[in-house]
Structure formats: C-alpha cells, structure tokens
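Here is a short walk through one protein chain. Keep the sequence and the 3D view side by side, and follow each stop in turn.

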Amino acid sequence: MPLLRLRGFEIHKNSLSPTEQSEIVEALRPVLKAAPLFSPKVPTGGQMSVRMTSAGQFGWFSDATGYRYVDSHPKGQAWPDIPAVLLNLWRKHVSAERLPECCLVNYYGESARMGMHQDKDEADFTFPVLSVSLGDDALFRIGNATRGGKTESIWLSSGDVVVMGGEARLTYHGVDRIRFKSSRLLPKGGRINLTMRVVT
Ligand SMILES: O=C(O)CCC(=O)C(=O)O
C-alpha cells in the first residue's frame, strides 16, 4: 500500500481491496435509495456536472444563496446515517476522537468534473477531510492555499484513499475529468467519490 505525499495530501494508493470496495458500494445502495443523487445549482448560476447526495447529520448543499451544510435532503427527508464501514475507515485513517458529521457522495458520469475549490464550509478545520475513490479513474488536481498558481495532478483510482489535512486542509483542489469505463466496479461506469468531514 504505497503512500504518496503531494503538497500535504496523503495519498494511499490501492488502500482498499476489491472486496472492501464492493462492500462500500453495497453499503451505499440504501443511502442512495433514501437520499437520491441531485445536481446542485451553483451561486454563480448553472448547475454542477457532478451529481451528489450526503449521509450523516449534515449534507453539503449549494444553490443561488451559496454553499452550506443543511440538515435535510432537498426533498425534505433527513440524511441517512453514514454506513459503519465508512466510519471504520475514518477511525483507521483519522481518529476516534470525533467522527465525521457528513459523508458527501459525489457521482461523476462520463463528462462530469469539479472545478478548483477549497473545502471551507466547515466550522472546524482541525480534522482532515477523508476522501475515498471508487470506480473510474479521475485526474485530481492540487493547487495552492489561494486560487491560481502552479498546480500538480495525479490520477486517483478505485480503492485510493486521500487524507486532506494539516497544511493541505484548505488547499484548492478539483477533478478535471474521469476515464469513463476504466473500472468495472460500478455496473454503469462512472466514479463515486466520498468525502467525510467534521462539520461543526
Ligand atoms: O472527487 C474528488 O476526488 C474530490 C471531491 C471534492 O473535491 C469535494 O467533494 O470537495
């Protein structure tokens, strides 16, 4: 399980076995059923190409008013619980001191991407954001503490786990593209990225 470090991002390549990856996909099925994916509007107008939902006490949300955490799905129901298998991953890579209050589930279809951004809607940056990649490969770009400047990119593959903490907690990052159908984990192709966050 090689560990790479890139601008403070700890990248655990092949951290999850194929069995573990499938277990997580199974655990996500009831989450997606209870809280279906949606494409949030962004404050500048337009819609994100990534479809998303959340599990946990809070879910990440965006509309014309801005980016924020909300305590229910846009259709009104409470977010489902974060599956135990994911909480165990958090305990392994982060801490048992505090557990994540949100697991954001991002689904990237063939042409989805995510622009460069900081994860800064949380009240507490002491704890890292823990990212889990499942399905197709994604070109992940890492920038700087402020927008712009030189960037570095790395392909994230199914089973990779990334810890974004310390100096990297507020570093700009994004996903330029995926390699559609590069993995067979998800029957219809695409990529799921999970990011677990302490919010309050
Ligand atoms: O898809 C990824 O690997 C990154 C997701 C991300 O940056 C986010 O959810 O804030």
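In which sense do S3 and S6 pair, and over how many bridges? They pair in the antiparallel sense, over six bridges. One facing pair to look for is Thr 53 and Val 105, the latter in S6. Strand S3 covers residues 51–56, and five of its six residues are buried, so the rest of the structure largely encloses it.

A word on confidence comes next. The model is predicted. The mean pLDDT of the protein chain is 97, and 100% of its residues reach 70 or more. Confidence is lowest in strand S1 (residues 3–6), where the mean is 96. It is highest in S13, at 99.

Now turn to strand S8. All seven of its seven residues are buried, so S8 is largely enclosed by the rest of the structure. S8 pairs with strand S11 (residues 161–164) in the antiparallel sense, over four bridges. There, Val 129 stands opposite Met 164 in S11. S8 also runs antiparallel to S13, and six bridges join the two. In that pairing Leu 134 faces Ile 192 in S13.

Helix H2 is the next stop. Which residues of H2 (residues 84–93) are buried? They are Leu 86, Leu 89 and Trp 90. These residues cover an arc of only 100° around the axis, which puts them on the same side of H2. A general rule helps here: an α-helix has 3.6 residues a turn, so residues three or four places apart point the same way. The face turned away from the buried side of H2 carries the exposed residues Ala 84, Asn 88, Arg 91 and Lys 92. What do the buried residues of H2 pack against? Their partners are helix H1 (18–34), strand S6 (102–108), strand S8 (129–135) and strand S13 (191–197). Strands S6, S8 and S13 have thus come up again.

Next, find an open sheet. Four strands form it, in the order S7-S12-S9-S10, with antiparallel pairing. Strand S7 (114–117) and strand S10 (152–156) stand at the edges, each with a single partner strand, so one side of each has no neighbour in the sheet. From one strand to the next, the twist averages 25°. Within this sheet, strand S9 (residues 137–142) and strand S12 (residues 173–179) are joined by six bridges and run antiparallel. Ile 142 stands opposite His 173 in S12.

The UniProt record adds some labels. In an unreviewed entry, it lists residues 99–200 as "domain: Fe2OG dioxygenase". Over residues 99–200 the chain is 0% helix and 46% strand. The end C-alpha atoms of that stretch are 11 Å apart.

UniProt also places the feature "binding site" (unreviewed entry) at Trp 60, Tyr 67, Arg 68, Tyr 69, Asp 121 and Arg 147. These positions span 88 residues in sequence, and their farthest two C-alpha atoms are 22.5 Å apart, so they do not all gather at one spot.

Take two of those listed positions. Is Trp 60 buried or exposed? Trp 60 has 24 C-beta neighbours inside 10 Å, and 20 or more count as buried, so Trp 60 is buried. Trp 60 is found in strand S4 (residues 59–63). Leaving out residues up to four places away in sequence, Trp 60 touches Ser 54, Tyr 69, Cys 102, Leu 104 and Asp 121. Arg 68 is found in strand S5 (residues 66–70). Arg 68 is exposed, with 12 other C-beta atoms within 10 Å. Apart from neighbours within four places in sequence, Arg 68 is in contact with Phe 61 and Asp 121. Asp 121 is thus listed among the contacts of Trp 60 and also of Arg 68.

The last stop is Ser 62, again in strand S4. Ser 62 is partly exposed, with 18 other C-beta atoms within 10 Å. Lys 41 lies 21 residues away along the chain, yet the C-alpha atoms of Ser 62 and Lys 41 are separated by 5.9 Å. Not counting residues up to four places away in sequence, Ser 62 touches Pro 40, Lys 41, Val 42, Pro 43 and Tyr 67. One of these, Tyr 67, is also among the UniProt "binding site" positions.

How values were computed:
Residues are numbered from 1 along each chain as its sequence is written. This is a predicted model: local features need pLDDT of at least 70, side-chain atom pairs count only at pLDDT 80 or more; totals for chains, interfaces and linings use all residues. UniProt positions are given in the numbering used here, feature names are shortened, and annotations may be inferred rather than shown by experiment. Two residues are in contact if their C-beta atoms, placed from the backbone, lie within 7 Å. Two strands pair if DSSP finds at least two bridges between them. Axes are lines fitted to C-alpha atoms, for helices over the stretch in contact, and angles run from 0 to 180 degrees between N-to-C directions. The arc is that of the directions from the helix axis to the C-beta atoms. pLDDT is the predictor's confidence in each residue, from 0 to 100.
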